[in-house]
Amino acid sequence: MKKIYIPLLAVAVALPSMTLTGCIEETFPTSSVTQDQVVDSPNAAASFALGMPAFMNSVFVLGDNRLHYDFGYPAMMHIRDVMTGDMPIAASASGYDWFTSWELNEYQAESNIYPQVIWNYYTQQVQTANLTIAAVDPETTVPQNKYYLGAGLAFRAMAYLDMARMFEYLPTDGTSAVNQYGNDVTNLTVPIVTETMGEAEARQNPRATREQMIEFIISDLDKAETYIVEGSRPSKTMPDLACVYGLKARAYMWVENYPKAKEYAEKAIAAHKGTPTTEAQWLSTTNGFNDLDTPSWMWGMKFVKEDNCVRTSIVNWTSWASNELKPGYSAAEPHLMIDAALYNSIDNRDFRKLTFVAPEGSPLEGKENFINRSVLETPQDSKDYPVILEPYASLKFKPAKGEMLLTQEGCSSAAPMMRVEEMYFIKAEAAAQTSPAEGKAAIEDFMRQYRFAEYACSATTKDGVVDEIFRQKRMEFYGEGIILFDYKRLNKPVVRHYDGSNWVEDKQFNTTTRPAWMNYVIVQTEGNNNSAVKSFNNPNPSGCYTSLGTSK
């Protein structure tokens, strides 16, 4: 086997004592490891492979334990959700909402720390995959190691697919595609770093075009499809063949190859074999959206007491996702809510509405799936404010085993990365894009069988059916970090200002297209060390919209 050099990204971030503006100074030293070092242990493939899901649970990637938005892949999911029109955050007089800058579209420039945490997380996630891929020679290894190789390729494809969709510049009503250097950056994604790339090449590595990126991702997934069936996955924290098909379905949706997206969504459904989440599973007060063994979950993250993120008690998924973990961040005050207009547009017969606090006078009031509301309404120990959940507050993500008070027990939970329901929605929308009648039938079949029997889609045109699928998908995947990609692909505006809005005043932005902030900015460190990127960055979207600022 030839010797392979893998560029390692090491970022030293010097933080000022006050981080209100999010400004950073940074250096970017680079070193390398050789393939001989990578395969030093006979168990290297397994060790590196298991490091991929472990890194998703990482905390403080930037090396500063004061940054409570820095908790691995779950933080990336939460960032994406608060940037949509679906997840208002209740007024937080306590100042506990660490994600405010993403909600307000502030400090998103290349020199700010908020893009840095995203870039550092994903580039290091790619590196964990590259180490796994480099550790396996498929010509000489055992079948189980071929599985690990396939898993590494799937993880890398997933990371690049996320990054491509986040960083690709698409037209908006807030910024121009021609950046400050006079370069048109339309459809540029991110630089591709492989397991064979050396340092010199990495320093002259341009942003891949959409066409180059989809070719790379599908190539990885084609190989993953071959290798991943050679062995068995240890748990659902690792991908299997169904997940590879699911990633292909996502990738083809991104580039609007709808026939291929539909084909691979159907393959994913068939390969997974698990049924969509039932009403009992959805509304469970002990296992609701916290159980890796839920049959609908294709791929997910598992958190255990030994994880550093869980040991922090508050800098982790459950602390931010669950309003019912009383010592967690979201229960303390920056409550997660669902957009009032979205909630009110959903039929009361749909059991999914019971995972949100009903407004006063609603027929659903008192029917919600609280674990124990009286615990939440009791003032928090030694605090000035009571923890009372507001209308539209989320009850979707339960702390582990319904534990509301003990943080490490409640945070030893799980989070979904891919559910089979997503494949049904991809199948339905992909069909609707070419045949509205077929798409309408597909969404009606899914909803009637798995959500409520009386459902009917009244739309008949392509745009109408696609809009209805998008609306239902927003409800289905609330809080799971998925829907931003649909907003951006479908060029959907974010509408937060309207009569009855439950968005706080300074976040009431209305756009006419996809928001400019959905074109993420590449960080300064990459430009400083990769000259091919420096003058081809996305325009800074910070502050390009003015809040309409009307009270609820």
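**Cysteines, core and packing**

At 27% relative accessibility, Cys 544 counts as partly exposed, since that label covers values between buried (under 20% relative accessible area) and exposed (over 50%), taken with a 1.4 Å probe on protein chains only. Cys 457, at 3%, is buried. The structure holds zero disulfides, a disulfide being a pair of cysteine sulfur atoms within 2.5 Å.

This is a predicted model, where local features need pLDDT of at least 70 and side-chain atom pairs count only at pLDDT 80 or more, while totals for chains, interfaces and linings use all residues. Residues are numbered from 1 along each chain as its sequence is written, and side-chain values use heavy atoms, with hydrogens and water left out.

Now for the inside. The largest nonpolar core (buried Ala, Val, Leu, Ile, Met, Phe, Trp, Tyr and Cys residues joined through side-chain atoms within 4.5 Å) has 163 residues. Helix α6 (residues 143-167) gives the largest share of this core, 16 residues; helices here are DSSP runs of H or I with at least four residues, and strands are E runs of at least two, both numbered from the N terminus. Among the residues with the most contacts inside the core is Ile 217. Leaving aside neighbours within four places in sequence, Ile 217 is in contact (heavy atoms within 4.5 Å) with Ala 157, Tyr 160, Leu 161, Ala 251 and Trp 254.

As for strands, β5 (residues 297-302) is mostly covered, with five of its six residues buried. Five bridges join β5 to β6 (residues 414-419), and the two run antiparallel; strands pair if DSSP finds at least two bridges between them. Gly 300 stands opposite Pro 416 in β6.
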